[in-house]
Amino acid sequence: MMRARRNWGLRVSLFVCVLLAGWDARAAETTLKLNGDAPATGADHFFVPFDVPVGTKEIEVSHVSIAADNVLDFGVNDPQGFRGWGGGNKEPAIIGELAASRSYVPGPLPVGTWQVVVGKALIKQVPASYEITVTLRDAPTLAPQTERATYVASAPLSTDSRWYAGDFHVHSLESGDARPPLDEIATFARGRGLDFVLISDHNTLTQLDFFVDAQSRHPQLLFMPGMEFTTYAGHANAIGISNWVDHKIGQPGVTIEASVKALRDQGALVSVNHPTLDIGDLCIGCAWKHDLDPGLLSAVEVMTGTPSTIDYLGKKKAIDYWDELLDQGYHLPAIGGSDDHRAGVDLTLFQSPIGDPTTLVFADELSVQGIVDGVCSGRTVVKLWGPQEPMVEIAASVEPTGDTVVAASVTWTAKVTAGQGRFVRFVKNGKALEQVAIDSNPFSHTLQVSAPASGEDRYRAEVWDDSVRRTLTSHLWLRAPAVEDAGVDADVDGGADASTGPGASPEPAGGCGCGVPRAQGSWGAAALLLFGLFLRGRARRGRRRAHSRRRAHSRGRGCA
């Protein structure tokens, strides 16, 4: 009996301890209700403040839009600024010192006034009511995320100068509307033969915290830092970004021009994603409607997903938008991206897997800087339907400087690999020229042209299958020599080898007779000719040595 009483007393004591422990946990939490209505007018974003006291170790923010017809996006700022952007995340945002939920930044929790950032993505029912619950804890519930690390660009995965295959538009789980972790992305991408993927999550860079860890497990696939700069008037891709830039256009000091310049200032290339995808509420803000100087852009996403999915839903194709910018004289290379959100699995009708399309970049090495430099030089090819499509390269008989050939005339060569049974053609200034059947592997198609009397002409090569475009290159541009250089024909020795196209190193600006007055008489012409050949030989000998450090002519491209 005494033993039974002792056991009963022990059970009561344990129950009281558990009860007190539960009471202590509840007492350690403070809950704030921040319900209200979105302002009917004003900027696209507004802020709901709350105070964080001393001793807070974790903050949880849950949120909901009351009306099903409305779409509100959510993020969090601390007193110093950005702490994450979940956008349409359904789950609560949790921010602690050593861990955070997806899309949010862990770290010290400063005392003071924080803000829930609310974006008015779509308001159909007024008032646009919301419910926000903020829970402040003095002990974390999330385990420390030891796999997070400060992002450092990896060493080159390859030092070969060649074409590298990749996808410039892939989302990881750090995007609120995406699912896959980096490991799944890497496995799928390598299964398709890709060399790199740009992780372009919406308005956050928290994915970079996991790059070092994931890169160590996937030494053959380069994770490239990126961010899809997502606004309600268009999406841009920041290629090679390292620091977050505010996307809340319309807030004090936040303009599209200032934001793009802030991206460029850190060395990022800026492209426009799915610029003509105007399908209303099915894709909020997907079409590019910003009034931005195209000279601040670095590239254009000419295909998003395969042509059978996203890109061809709009009335106007992204390729046409690209050509319109080029008509204005902007030298913008083509890139493509799948906009994959699921690592290639369980895709819906309007989704494309990683690698559809595939962008080929000729680079000196497989590194972040190598790929950025390759794009900046205009050395890109887009396989619109995926990595299995034919390869086509455009080359010039006269050595280009960057993407531009300066000569009275030139012979273009389009070299096609694995294209039997299809057709190849050149496109001049956006207008298609005669197509030729491909009957061998490899196959070459040439075109001899003269430079325009003024301005520039641009040429690209394309592979077609009946009425379907399969692959396209970025452009090479042709302009006539200046009057003072006209005495030296840049193609006087029969031209460089046809391999000197986008995949070869450009000659430095100011080579081969540039700036030398035209000589008079036969001796002067001969001397000038010999001097030109001498400089050409020197340039060829120094080409390989200078290849890795040369930057392209970048008129209108926005490259560093």
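**Exercise 1. A network of salt bridges**

Task: In this predicted model, find which residues are linked in a network of salt bridges, then describe the pair Arg 460 and Asp 323.

Solution.
Step 1. The network of salt bridges links Asp 323, Asp 327, Arg 425, Arg 458, Arg 460, Glu 462 and Arg 469.
Step 2. Within this group, take Arg 460 and Asp 323: their side chains meet in a salt bridge, with 3.0 Å from N to O. The cut-off for a salt bridge is 4 Å, so this pair qualifies.
Step 3. Place the two residues on the chain. Arg 460 is in strand 25 (residues 457–465) and Asp 323 is in helix 5 (residues 318–327), so the pair, 137 residues apart, links distant parts of the chain.
Step 4. Check the exposure of each residue. Arg 460 has a relative accessibility of 2% and counts as buried. Asp 323 is buried too, with a relative accessible area of 9%.

**Exercise 2. Salt bridges between loops**

Task: State how many salt bridges a search of the whole structure finds, and work out which parts of the chain are tied together by Lys 57 and Glu 97 and by Asp 278 and Lys 289.

Solution.
Step 1. The search of the whole structure gives 27 salt bridges. In general, side chains of opposite charge can pair when their charged atoms come close.
Step 2. One of the salt bridges joins Lys 57 to Glu 97, and their closest N and O atoms are 3.8 Å apart.
Step 3. Lys 57 sits in the loop between strand 3 (45–52) and strand 4 (58–65), while Glu 97 sits in the loop between strand 7 (93–96) and strand 8 (112–122), so the bridge ties together parts that are 40 residues apart in sequence.
Step 4. Lys 57 is partly exposed, at a relative accessible area of 33%. Glu 97 is partly exposed at 36% relative accessibility.
Step 5. Another salt bridge, at 3.6 Å from N to O, is formed by the side chains of Asp 278 and Lys 289. Both residues lie in the loop between strand 14 (269–272) and strand 15 (299–304), so this pair ties together parts 11 residues apart in sequence.
Step 6. Asp 278 is partly exposed, with a relative accessible area of 47%. Lys 289 has 58%, and the limit for exposed is over 50%, so Lys 289 is exposed.

**Exercise 3. The largest pocket**

Task: Describe the space in the largest pocket and the residues that line it.

Solution.
Step 1. The space in the largest pocket comes to about 1,300 Å³.
Step 2. The pocket is lined by 48 residues, and Asp 177, His 202, Leu 282, Cys 283 and Ile 284 are the closest to its centre.
Step 3. The elements giving two or more residues to the lining are strand 4, strand 5 (71–78), strand 6 (81–87) and strand 12 (222–231). Strand 5 supplies the largest share, four residues.
Step 4. Sorted by class, the lining of the largest pocket holds 17 nonpolar, 23 polar and eight charged residues.

**Exercise 4. The largest cavity**

Task: State how many cavities of 30 Å³ or more a search of the whole structure finds, and describe the largest cavity.

Solution.
Step 1. Five cavities of 30 Å³ or more turn up.
Step 2. The largest cavity holds about 60 Å³ of space. Among its 10 lining residues, those closest to the centre are Leu 332, Pro 333, Asp 403, His 475 and Trp 477.
Step 3. By class, this lining has four nonpolar, four polar and two charged residues.

**Exercise 5. Two loop residues**

Task: Determine whether Tyr 104 is buried or exposed, do likewise for Gln 251, and name what each one reaches or touches.

Solution.
Step 1. Tyr 104 belongs to the loop between strand 7 and strand 8. Its relative accessibility is 2%, and buried means under 20%, so Tyr 104 counts as buried.
Step 2. The side chain of Tyr 104 reaches the backbone nitrogen of Gly 86 at 3.2 Å. A distance of 9.6 Å separates the C-alpha atoms of Tyr 104 and Gln 207, which are 103 residues apart along the chain.
Step 3. Gln 251 is in the loop between strand 13 (234–239) and helix 4 (256–265). At 14% relative accessibility, Gln 251 counts as buried.
Step 4. Leaving aside residues up to four places away in sequence, Gln 251 touches Ala 43, His 45 and Phe 47.

Key: Residues are numbered from 1 along each chain as its sequence is written. This is a predicted model: local features need pLDDT of at least 70, side-chain atom pairs count only at pLDDT 80 or more; totals for chains, interfaces and linings use all residues. Side-chain values use heavy atoms; hydrogens and water are left out. Buried means under 20% relative accessible area, exposed over 50%, partly exposed in between (1.4 Å probe, protein chains only). On a 1 Å grid over the protein atoms alone, a cavity is a set of points where a 1.4 Å probe fits but cannot get out, and a pocket is an open set with protein on both sides within 12 Å along at least five of seven lines; lining residues have an atom within 4 Å of a point. Grid points are joined across faces, edges and corners, and a volume is the space filled by probe spheres set on the points. Ala, Val, Leu, Ile, Met, Phe, Trp, Tyr, Cys and Pro count as nonpolar, Asp, Glu, Lys and Arg as charged, and the others, Gly among them, as polar. A polar contact is a pair of N or O atoms within 3.5 Å; within protein, one must be able to donate a hydrogen and the other to accept it, and residues adjacent in sequence count only if both atoms are side-chain atoms. Contact means heavy atoms within 4.5 Å.
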